[in-house]
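Subject: Structure for you to look at

Hi there,

Here is the structure I promised to send over. Please open it alongside this email, and I will walk you through what turned up.

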Amino acid sequence: MSKKTIMLVCSAGMSTSMLVTKMQKAADEQGLETDIFAVSASDADNNLAAKNVDVLLLGPQVRFMKGQFEEKLADKGIPLDVIDMKDYGMMNGPNVLAQALKLIGE
């Protein structure tokens, strides 16, 4: 499997960075090559332009932006979903990683 780039979007990027660490640990344990990072919603467009993103996950606190992101991603073919609130609250890195990989089709 080639390296997968997973972008998480939340309101400020702070709490989600803890989730990134747990997701990266889970990916390392599974021997997966990943680039997982979190950005604020206001910085998402810049990152989409600069990086080759495989999947985008929205934090539960910005789920209301899903429609906007669907429009932005429509021509890019990047899958999008909202992180399960329970997994986000529990900072369940393995589950959120599994969600991202499922969206990519891995």
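Let me start in the sheet: strand 3 and strand 4 (residues 80-82) run parallel and are joined by 3 bridges. Strands here are DSSP E runs of at least two residues, helices are H or I runs of at least four, and both are numbered from the N terminus. Two strands count as paired if DSSP finds at least two bridges between them.

Before going further, a word on the source: this is a predicted model, with local features needing pLDDT of at least 70 and side-chain atom pairs counting only at pLDDT 80 or more, while totals for chains, interfaces and linings use all residues. Residues are numbered from 1 along each chain as its sequence is written, and side-chain values use heavy atoms, leaving out hydrogens and water.

**The sheet**

Across the pairing of strand 3 with strand 4, Leu58 stands opposite Val82, and Leu56 has Leu80 as its bridge partner. Strand 3 also pairs with strand 1, in the parallel sense and over 4 bridges; there, Leu8 stands opposite Leu57. Together this gives an open sheet of 4 strands in the order 2-1-3-4, with parallel pairing. Its edge strands are strand 2 (34-40) and strand 4, each pairing on one side only. From one strand to the next, the twist averages 20 degrees.

In a regular strand, side chains alternate between the two faces of the sheet. In strand 3, Val55 and Leu57 point one way and Leu56 and Leu58 the other, and all are buried (under 20% relative accessible area with a 1.4 Å probe, protein chains only; over 50% would be exposed, and in between partly exposed).

**Helices over the sheet**

Helix 5 lies across strands 1, 2, 3 and 4, running at about 135 degrees to strand 3. Helix 3 (residues 66-73) lies across strand 1, strand 3 and strand 4, at about 170 degrees to strand 4. These angles run from 0 to 180 degrees between N-to-C directions, with axes fitted to C-alpha atoms, for helices over the stretch in contact.

**Where two helices meet**

Helix 1 (residues 15-29) packs on helix 5 (residues 93-104) at an angle of about 75 degrees, the axes being 8 Å apart. The two are therefore roughly perpendicular, a label used for 65 to 115 degrees (under 35 is roughly parallel, over 145 roughly antiparallel, the rest oblique). Helix 1 brings Leu19, Lys22, Met23, Ala26 and Ala27 to the contact, and helix 5 brings Gly93, Pro94, Val96 and Leu97. Contact means heavy atoms within 4.5 Å.

Ala26 is a good residue to click on. At 5% relative accessibility, Ala26 counts as buried. Setting aside neighbours within four places in sequence, Ala26 is in contact with Gly93, Pro94 and Leu97. Ala26 and Pro94 are 68 residues apart in sequence, yet 5.3 Å apart in space, C-alpha to C-alpha.

**The cores**

A nonpolar core is a set of buried Ala, Val, Leu, Ile, Met, Phe, Trp, Tyr and Cys residues joined through side-chain atoms within 4.5 Å. The largest one has 19 residues, and Ile6, Leu8, Leu19, Met23, Leu57, Ile83 and Leu97 have the most contacts inside it. Strand 1 (4-10), helix 1, strand 3 (55-58) and helix 5 each give two or more residues to this core, and helix 1 supplies the largest share, 5 residues. A second, separate core of 17 residues includes Met7, Val9, Val53 and Val62.

Happy browsing!
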